[in-house]
Amino acid sequence: MNSEQLRELLGSLTLEEKVGQLVQFNAGQFIENSLGITGPDGELLPAEDLNRVMGSVLTFENAAQAKALQDQHMAADPKKIPLLLMLDVIHGLRTTYPIPLAMGCGFDDALTAECADMARKESSACGVHVTFNPMVDTARDARWGRILETYSEEPLINGRMGAAIVKVTQGEDLSDPENVACCVKHYAAYGAPEAGRDYNSVEISERMLRETYLPAYKACLDAGARLIMPSFNSLNGIPSVANKWLMNRVLRKEWGFDGVAISDYAAVNELVVHGVADGPEDAVRLAMEAGCDIDMVDNFYYRYLADLVRKGIVPEEMLDTAVMRVLALKNELGLFENPYHGADEEKEKAVYLCDTHREIARRAAEETAVLLKNEGILPLKKNLKHVALIGPFAEDIHLNGFWSRPGAEKDTVTIPEGIRNLMPDLELIIEKGCGAEIGDTDRSGIAAAVQAAASAEAVILVLGEPENYSGEGRSRAELTMPGVQQELAEQVIRANPNTVAVLFNGRPLVLTELEKIAPAMLEMWYPGTEAGNALARLLWGEANPCGKLSAGLPRTTGQYPMPYNRMNTGRPKPEPDTQAFPFTSCYLDTPNLPLYSFGFGLSYTDFVYESLELDRTVITPEEQLQVTVTLRNAGERVGKETVQLYLRDKVASVVRPVQQLIDYRKVSLAPGERTQVTFTVTEKQLRFWDFDCQYGSEPGTFELSTGYADHLILTKTFELK
Ligand code: GLC
């Protein structure tokens, strides 16, 4: 349709039909009870009316359902406006790849895009028109369970990976049935709740918002994301979905976003609960005035918006603007010509879990694992005959992580399956040893585990936190391994020091006590469908670990918030970090630095950073600086290394971080091979938001370093004139 035809269509709609375009319900309410909607939504209108006017649904399961929903709706809607079908596809639809926080450890935008492309193919075949992805809420506090959904504590990585996902998911033309529209979320600063508790209030200066929390959303919108989702949290006193500064001033005016804003789940309703709306009509007015176009799974727009327009409380042109955004999106997706979009049962069968997708998922699991410690244990020898596999995750299928699609766990390659695929002749002795639930004090399985460890040549000890301990609504106030896992580890490692601890967790955990006793530690996060195959290949050296931490791992929960790009303060703690220095910025009871810093990760080979050179030491704002890092693989194996470039602005009108990642590049080197990694640094990368929230750079002295956070090396200085 052209814009004239769209305007005619809008003009032909009744008030109820216009409102219907802004209403979204769960598809399940239409499929399970065939339109017999129950509960509070059921009081709304007879289901037939809802189905006649509703504009979109979310959370359906497959192409057949997608087509049935569309058929059902189109038969009832006299104006024949197709439904938008939306779904959370965060890290894979049927072939699950590692959680986003793990993908951030890959430091490989192309790999993240490759995984997103795989998810696009499976999503489009399933009939998805819009995915609620990417989530790019920068988070610095792992008590917040949704840290697993974002890519890094560093907004640069969130922005780059989010933009890469948007580009590959939406493609060049959304009317191509294989492309899917992206909804970036959760706008804004949902990852910075007070006390790390999900849904809690967020109080942040405008300067910090613009410096740290807004850039990743903007990068995704600049990449073309067609939708955005305001977040549950209040931001500086006003919930995002009613926050005019955020939604009108920044999003629509400053950034020029003209796509669809869709509330989070019942967030319009929650304006009353927050206490900023004096009843449902007030909530609807506030959300509409802030430019929230679609009301997700809520009956407030549905029940009250038409009357508010009739009373003149909500101007009809405001309603028309919102409806036009939704119609324009449906039109761009080509739904008026092809309401099914990409839904295709045959294609589902062809792409779900196909070999190509399994290979991508396995490679991603291998490349995002982080080798934290290795005192000669890994890789395991190929001639081992008896290995003990011990721990609560030893035979678990739940290794996908939150937001993996329901049922995907039945496809997981478990750890024993993966090991047997690689080492069919190995005798594997499996003992769970203990549980992983909070408060689980059952030690009855430890003795058998210790016996299995003692009789084995090597031990694989799989620990962490259960899959449903991170994700939405999963905040924790203490981040040690739940239950008696540490006790299990102590007794098993005492029985057989030839033990590698493998971690499955969706957030940084406090591993301080484990690190004291484990000779080797491999962080797998939640690796997805190919978990067992990837782990086996990593353990026996078929794959060489190359992940780098996308968020630091704390020594203790009390260190949070713990941004790597911290400020120096007026009383920085002197070395050594292991000692307290009263009257400096330190703790009496723990070092300042993380147990493992942002950007850290080991390999089975050794990389030597030989030099960092600048092609000049002074630049004007118009000039560029070439930075060359020379790296050598001094070990015996092929390996990948992420070369990281850190900046420090020595003096500025506001305090600046002691280290700020401004670029990264992953390279593969053969044994003995040397390479030069070149970065271009421009004045743009030196910019920041000053006290008056003006964005720009300031002349002065800057340092450039490589290495990883808290362990910067080869530092060189340059001037910006
Ligand atoms: C949830 C989440 C959001 C998700 C939406 C739809 O509550 O906050 O990330 O996209 O509802 O499932």
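Eight bridges join strand S19 to strand S22, and the two run antiparallel; strands here are DSSP runs of E with at least two residues, helices are runs of H or I with at least four residues, and both are numbered from the N terminus. The structure is a predicted model, in which local features need pLDDT of at least 70 and side-chain atom pairs count only at pLDDT 80 or more, whereas totals for chains, interfaces and linings use all residues. Residues are numbered from 1 along each chain as its sequence is written, and side-chain values use heavy atoms, with hydrogens and water left out.

**The sheet**

Within the pairing of S19 and S22, Gln-626 has Thr-680 of S22 as its bridge partner. Both strands belong to an open sheet of three strands in the order S17-S19-S22, with antiparallel pairing, where two strands are taken to pair if DSSP finds at least two bridges between them. S17 and strand S22 (674-681) are the edge strands, each pairing on one side only. Ignoring direction, neighbouring strands of this sheet are turned by 20° against each other on average, the axes being lines fitted to C-alpha atoms, and angles running from 0 to 180 degrees between N-to-C directions.

**Salt bridges**

Side chains of opposite charge can pair when their charged atoms come close. The structure holds 52 salt bridges, each defined as a side-chain nitrogen of Lys or Arg within 4 Å of a carboxyl oxygen of Asp or Glu. The table gives three of them, with the N to O distance for each pair.

| Basic residue | Acidic residue | N to O distance |
|---|---|---|
| Lys-79 | Glu-17 | 2.6 Å |
| Lys-244 | Glu-289 | 3.2 Å |
| Arg-632 | Glu-610 | 2.6 Å |

The pair of Arg-632 in strand S19 (residues 625-633) and Glu-610 in strand S17 (residues 607-614) links distant parts of the chain, 22 residues apart. Arg-632 counts as partly exposed at 25% relative accessibility, and Glu-610 is also partly exposed, at 30%; buried means under 20% relative accessible area, exposed over 50%, and partly exposed in between, with a 1.4 Å probe and protein chains only.

Lys-244 lies in helix H12 (residues 244-254) and Glu-289 in helix H14 (residues 280-289), so this pair ties together parts that are 45 residues apart in sequence. Lys-244 is partly exposed, with a relative accessible area of 35%, and Glu-289 is partly exposed at 23%.

Lys-79, in the loop between helix H6 (63-76) and strand S3 (84-87), and Glu-17, in helix H2 (residues 15-21), are 62 residues apart and link distant parts of the chain. Here Lys-79 counts as partly exposed at 26% relative accessibility, whereas Glu-17 counts as buried at 8%. Elsewhere, a network of salt bridges links Asp-117, Arg-120, Lys-121, Glu-178 and Lys-347.

**The nonpolar cores**

The largest nonpolar core has 97 residues, among which Tyr-301 and Leu-305 touch the most other members; such a core is a set of buried Ala, Val, Leu, Ile, Met, Phe, Trp, Tyr and Cys residues joined through side-chain atoms within 4.5 Å. Helix H15 (residues 300-310) gives the most to this core, with eight residues. The core draws at least three residues from each of domain 1 (3-35 + 45-347) and domain 3 (605-720), the bounds coming from an automatic or database domain assignment.

Leaving aside neighbours within four places in sequence, the contacts of Tyr-301 include Val-19, Leu-22, Val-23, Val-268 and Asp-295, contact meaning heavy atoms within 4.5 Å. A second, separate core of 88 residues includes Met-423, Met-524, Tyr-526 and Ala-543.
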